Amino acid sequence: MTSRVIPVDPFDLVIFGGTGDLARRKILPGLFRRFCAGQMPPSARIVGAARTELDHAGYREMASEAIKEFGGTTAANSDKLNAFLDTVYYVAIDALGDDGWEELQELCKEKNRVEAYYFSVTPALFGDLAERLHYWGMAGPDSRIVVEKPFGRNLATAKNLNATLAAHFDEHQIYRIDHYLGKETVQNLMAVRFGNMLFEPLWNAQYVDHIQITVAETVGVGGRGEYYDKAGAMRDMVQNHLMQLLCLIAMEPPARFDPDAVRDEKLKVIRALDPVLPHHLMRGQYEADHSDEKAHPSYREAVEDPRSKTESFIALKTHISNWRWAGTPFYLRTGKRMSARSSEITVVFKETPHSIFGEDAGRHRNVLSIRLQPNEGITLGVTIKEPGPGGMRLIDVPLDMTFAEALGADSEHVDAYERLIMDVIRGNQTLFMRGDEVEAAWAWTDPIIHGWEERGEVPKPYESGTDGTTDSHELMRRDGRKWREVSP
Ligand code: NAD
């Protein structure tokens with residue numbers, strides 16, 4: 001099966017923060033892959049804009065190194081690298097001053113092309129960039145800005161940021177990135193739900209016992225300690241990534257697959273979320289790990305605050321108060337230094353109401369697991385008869401819908417960032433968060449955080465390489481359920 005690539009319109013993409021980690025690891029390699037796939041028109045221009053003093057040649061060299069280091073090049077495409085680099089430019093610029101803006105304006109003066117500005121800088125600069133783009137006449141009615149996470153740290157700051165951006169850009173020009181939405185499986189989740197007759201009739205409280213969402217990382221906070229300790233797992237992961245997955249799993253079928261129809265339905269889910277009760281919420285901090293020759297510091301050592309109360313792990317139970325989901329618990333958990341790197345949504349259906357095969361055959365339930373990373377794919381657990389003699393013994397086997405296998409070697413892997421950037425150029429906001437969605441997510445998150453702050457709760461320690469605090473397992477056990485194993 002060969003993939004069909006539709007080239008996008010000519011564009012200028014300015015990457016503010018073009019020398020930063022995200023630009024080097026994701027944005028530039030992703031753009032190179034789209035160039036090789038024939039999706040970028042030859043007249044497209046990529047302009048790195050950052051504080052570092054570099055000329056075009058210097059930036060091209062940096063871009064080339066980054067693309068090679070972070071997997072952009074393969075034996076099949078490395079001969080295209082120079083042609084790609086010809087589309088790359090650089091302007092040394094200061095988001096807080098006037099340096100470089102005239103040069104950028106001159107470079108991007110050609111009209112009749114999509115103008116997109118990627119804010120890949122610290123969020124503290126988002127407002128300044130929007131204001132300067134406006135001041136220098138680059139915030140035209142068709143221009144687009146791409147805004148990275150985090151989008152605020154609570155409802156008040158998110159509202160402020162929305163208002164600042166709205167002063168210069170309409171909502172249809174603002175692309176708030178949540179790269180989880182750019183993952184192949186996330187879109188496949190919508191295809192599976194709304195492109196098949198099989199699932200949707202069962203997709204409700206009557207047939208679904210519960211839903212789990214796990215995003216587990218093996219890494220610790222690493223060099224991001226200073227940022228992370230002010231955020232924690234709730235702000236860094238739950239409010240955005242896990243919330244977006246929850247919305248896609250739980251939303252009503254939109255009338256059309258268009259940006260506002262989809263985002264309207266997601267918003268309704270967030271607004272229907274119940275507050276989280278204190279005993280349905282567990283927070284943890286990972287302990288030091290001396291199990292191999294590399295010493296892994298504890299969370300508190302990593303953030304250099306022996307009294308830190310920030311969580312590196314969180315597990316919670318919530319409900320969605322609407323007709324479809326009343327009574328179905330949603331369990332969410334995410335953490336660092338867990339046993340494996342794995343992001344998975346699991347829909348656990350109810351047991352069959354009656355076993356015609358007798359008690360010995362046991363009770364069985366279907367489990368649909370949607371795996372985002374690694375090994376993206378969807379698996380449906382079904383019950384069949386164990387082959388061979390010996391009567392009706394039932395076993396659960398997976399119906400595997402791993403995409404690479406199903407679609408063959410030609411199916412192209414497109415990274416989340418490259419898909420999302422192409423969507424920006426195409427002007428498709430379906431996979432981006434709308435301002436009201438982000439605010440609603442904070443409106444749910446804020447009272448939970450205030451609650452634990454008021455109660456003075458301190459996260460419980462958990463052993464590195466395990467799946468979080470013991471009380472997070474207790475949360476499930478109390479309900480007669482258990483977390484799905486975190487597997488690589
Ligand atoms: P970084 O610190 O590596 O890079 C920051 C960039 O901003 C540099 O290019 C720097 O020159 C530029 N910059 C700083 N001050 C400036 C100024 N006054 N004027 C112009 N340019 C200035 O940061 P990063 O890790 O690339 O992150 C960028 C954004 O992406 C942040 O909002 C971050 O939260 C978000 N993000 C990053 C990652 C990641 O994996 N790195 C993942 C998700 C989100």
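**Cavity, pocket and aromatic pairs in the predicted model**

The largest cavity is lined by E217, Y228, A233, D236, M237, S312, T334, G335 and K336. Two elements, α8 and β10, each give two or more residues to this lining. Helix α8 gives the most, with 4 residues. By class, the lining of the largest cavity divides evenly into 3 nonpolar, 3 polar and 3 charged residues. The volume of the largest cavity is about 30 Å³. The count comes to 1 cavity of 30 Å³ or more. The model is predicted, and all values here were computed from it.

Helix α8 spans residues 225-250 and contains H241. UniProt, in an unreviewed entry, places the feature "active site" at H241. This annotation may be inferred rather than shown by experiment. H241 counts as buried because its relative accessibility is 1%, and the cut-off for buried is under 20%. Helix α8 thus appears in two contexts: H241 lies in this helix, and α8 gives 4 residues to the lining of the largest cavity.

The second largest pocket holds about 340 Å³ of space. Its lining has 19 residues, of which Q212, R481, K482, W483 and R484 are the closest to the pocket centre. Three elements each supply at least two lining residues: β7 (208-216), β11 (342-349) and α14. Charged residues number 9 in the lining of the second largest pocket, alongside 5 nonpolar and 5 polar residues.

The structure holds 16 aromatic pairs. One of them joins F16 and F119. Their ring centres lie 6.0 Å apart, and the planes meet at 70°, which makes the pair edge-to-face. The pair links distant parts of the chain. F16 belongs to strand β1 (residues 11-16) and F119 to strand β4 (residues 114-119), 103 residues apart. Both partners are buried: F16 has a relative accessible area of 2%, and F119 has a relative accessibility of 0%.

Y331 and W483 form another aromatic pair, also edge-to-face. The centre-to-centre distance is 6.0 Å, with 75° between the planes. This pair, too, links distant parts of the chain. Y331 sits in strand β10 (residues 330-335), whereas W483 lies in the segment after α14 (470-478). The two residues are 152 residues apart. Y331 is buried, with a relative accessible area of 0%. W483 counts as buried at 8% relative accessibility. W483 is also among the residues closest to the centre of the second largest pocket. Strand β10, which holds Y331, is one of the elements that give two or more residues to the lining of the largest cavity.

Ring pairs also build a cluster. Its members are F16, W101, Y117, F119 and F126. F16 and F119, the edge-to-face partners described above, thus belong to this cluster.

Charged side chains lie over aromatic rings as well. R60 is placed over the face of Y89, at 5.3 Å from the ring centre. The charged end of K183 sits over the ring of Y180, with 5.3 Å to the centre of that ring.

Conventions
Residues are numbered from 1 along each chain as its sequence is written. This is a predicted model: local features need pLDDT of at least 70, side-chain atom pairs count only at pLDDT 80 or more; totals for chains, interfaces and linings use all residues. Side-chain values use heavy atoms; hydrogens and water are left out. Rings of Phe, Tyr and Trp (its six-membered ring) pair if their centres lie within 6.5 Å; planes under 30 degrees apart count as stacked, over 60 as edge-to-face and the rest as tilted. Buried means under 20% relative accessible area, exposed over 50%, partly exposed in between (1.4 Å probe, protein chains only). A charge sits over a ring if NZ of Lys or CZ of Arg is within 6 Å of the ring centre and within 35 degrees of the ring normal. On a 1 Å grid over the protein atoms alone, a cavity is a set of points where a 1.4 Å probe fits but cannot get out, and a pocket is an open set with protein on both sides within 12 Å along at least five of seven lines; lining residues have an atom within 4 Å of a point. Grid points are joined across faces, edges and corners, and a volume is the space filled by probe spheres set on the points. Ala, Val, Leu, Ile, Met, Phe, Trp, Tyr, Cys and Pro count as nonpolar, Asp, Glu, Lys and Arg as charged, and the others, Gly among them, as polar.
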